[in-house]
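Here are a few exercises on a ligand site, each with a worked solution. Take your time with the view below before reading on.

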Amino acid sequence: MFAKFKKNQGDDSAKQPIIDRNKIPAHIAIIMDGNGRWANQRHLPRVAGHKEGMQTVKKIAIAASQLGVKVLSLYAFSTENWKRPADEVNYLMQLPVRFFQTFVPDLIKHNVRVSVMGDITKLPVATQKAVNDAIKDTSECNGMVLNFALNYGGRAEIVEAIQQLAQLVKDEQLKISQIDESTVAEHLMTNQLGEFEDPELIIRTSGEQRISNFMLWQLAYSEFVFVSEHWPDFNQQSLENAIIEYQGRHRRFGGLQN
Ligand code: FPP
């Protein structure tokens, strides 16, 4: 496979690969990490990192939609994030309110539809309302889906699917022998994403190389790109670089050639 290259200005020998707009991953999932460290480095409170991280969410959502991404999943709050100090949790719970209050018109302008995965019934009422209003207000948009993982955990998602399937078996609506990969996938929160349920590309910022309970089922054949920048420093160029790296990978899905 040959990557496309562009020449560096003034240096014909140095060539950088450029993004192939015909091979944009349909579903990109991002673990937005490093807000706290970004703030610490600037002697700011951790929440200042989350505030700046929210601005990055806006920029990256628009950039991804303009690149032709179909689904952008963002890990905004995990089932484990409740262990953080109450002040920080409270701040994180306010962020979707602030975000959607100011940003829904832009999302509509860019034809972006908001969706959520995770148990939002455990979030403060104002946060639930902001999220549900954004889902409703963007429901007519048929461009990119901006899918927020809020109070989401991959294991919890799988447990819930198992409970639903067990109930169907108990009620004699499903035979054990009928349970296969697609039956399981139908009971995961990503079922709402239809054909784009599995991310082709997962990006994690801030240099950590772990998955932290994110989309455990769906990542079976995802490509991983780990970048050193903290989430507030991640920008359109970083996104394009991650996509270029993805485009240079050889995905075989367990086979030999594709
Ligand atoms: C991880 O950084 C980040 C989070 C737990 C929160 C992510 C949330 C946002 C980027 C804003 C979300 C915006 C909306 C609209 C919901 P960290 O705090 O773990 O950073 P650290 O590892 O450096 O401490």
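A word on the annotations used here: UniProt positions follow the numbering used for this structure, feature names are shortened, and an annotation may be inferred rather than shown by experiment. Please also keep in mind that this is a predicted model.

**Exercise 1. Find which residues UniProt annotates as "active site", and work out how they lie in space.**

Solution. Start with the record: the unreviewed UniProt entry gives Asp33 and Asn81 as "active site". Next, look at their spread, which covers 49 residues of sequence, yet they cluster in space with a largest C-alpha distance of 12.2 Å. Then turn to the largest pocket, whose lining takes in both Asp33 and Asn81. Finally, place Asp33 along the chain: it belongs to the loop between strand 3 (27–31) and helix 1.

**Exercise 2. Find which residues UniProt lists under "binding site", and which of them lines the largest pocket.**

Solution. The unreviewed entry lists Asp33 and Glu223. From this set, Asp33 is part of the lining of the largest pocket.

**Exercise 3. Identify the polar contacts that the ligand makes through its oxygen atoms, and say how much of the ligand is buried.**

Solution. Use a cut-off of 3.5 Å between N or O atoms. Step one is Asp33, where a polar side-chain atom is 3.0 Å from a ligand oxygen. Step two is Asn35, which brings a backbone N or O atom to 3.2 Å from an oxygen of the ligand. Step three is Arg46, with a side-chain N or O atom 2.8 Å from a ligand oxygen. As for burial, the ligand taken alone exposes 620 Å², and the protein buries 91% of that.

**Exercise 4. Describe the shell around the ligand: where is it, and what supplies it?**

Solution. First, the location: the ligand sits in the largest pocket. Around the ligand are 17 residues, of which Asp33, Gly36, Arg37, Arg46 and Arg84 come nearest. By type, the shell divides into seven nonpolar, six polar and four charged residues. Now assign the helices: helix 1 (35–41), helix 2 (46–67) and helix 3 (86–109) each supply at least two shell residues. Helix 3 gives the largest share, four residues.

Conventions. Residues numbered from 1 in each chain as written. Predicted model: local features only at pLDDT ≥ 70, side-chain atom pairs only at ≥ 80, totals over all residues. Heavy atoms only, no water. Near = heavy atom within 4 Å. Polar contact = N/O pair within 3.5 Å; in protein donor to acceptor, adjacent residues only side chain to side chain. Areas by Shrake-Rupley, 256 points an atom, 1.4 Å probe, with all protein chains shown as cover. 1 Å grid on protein atoms, 1.4 Å probe; cavity = no way out; pocket = protein on both sides within 12 Å on 5 of 7 lines; lining within 4 Å. Sits in = over half its atoms within 2 Å of the grid points. Nonpolar A, V, L, I, M, F, W, Y, C, P; charged D, E, K, R; others polar.
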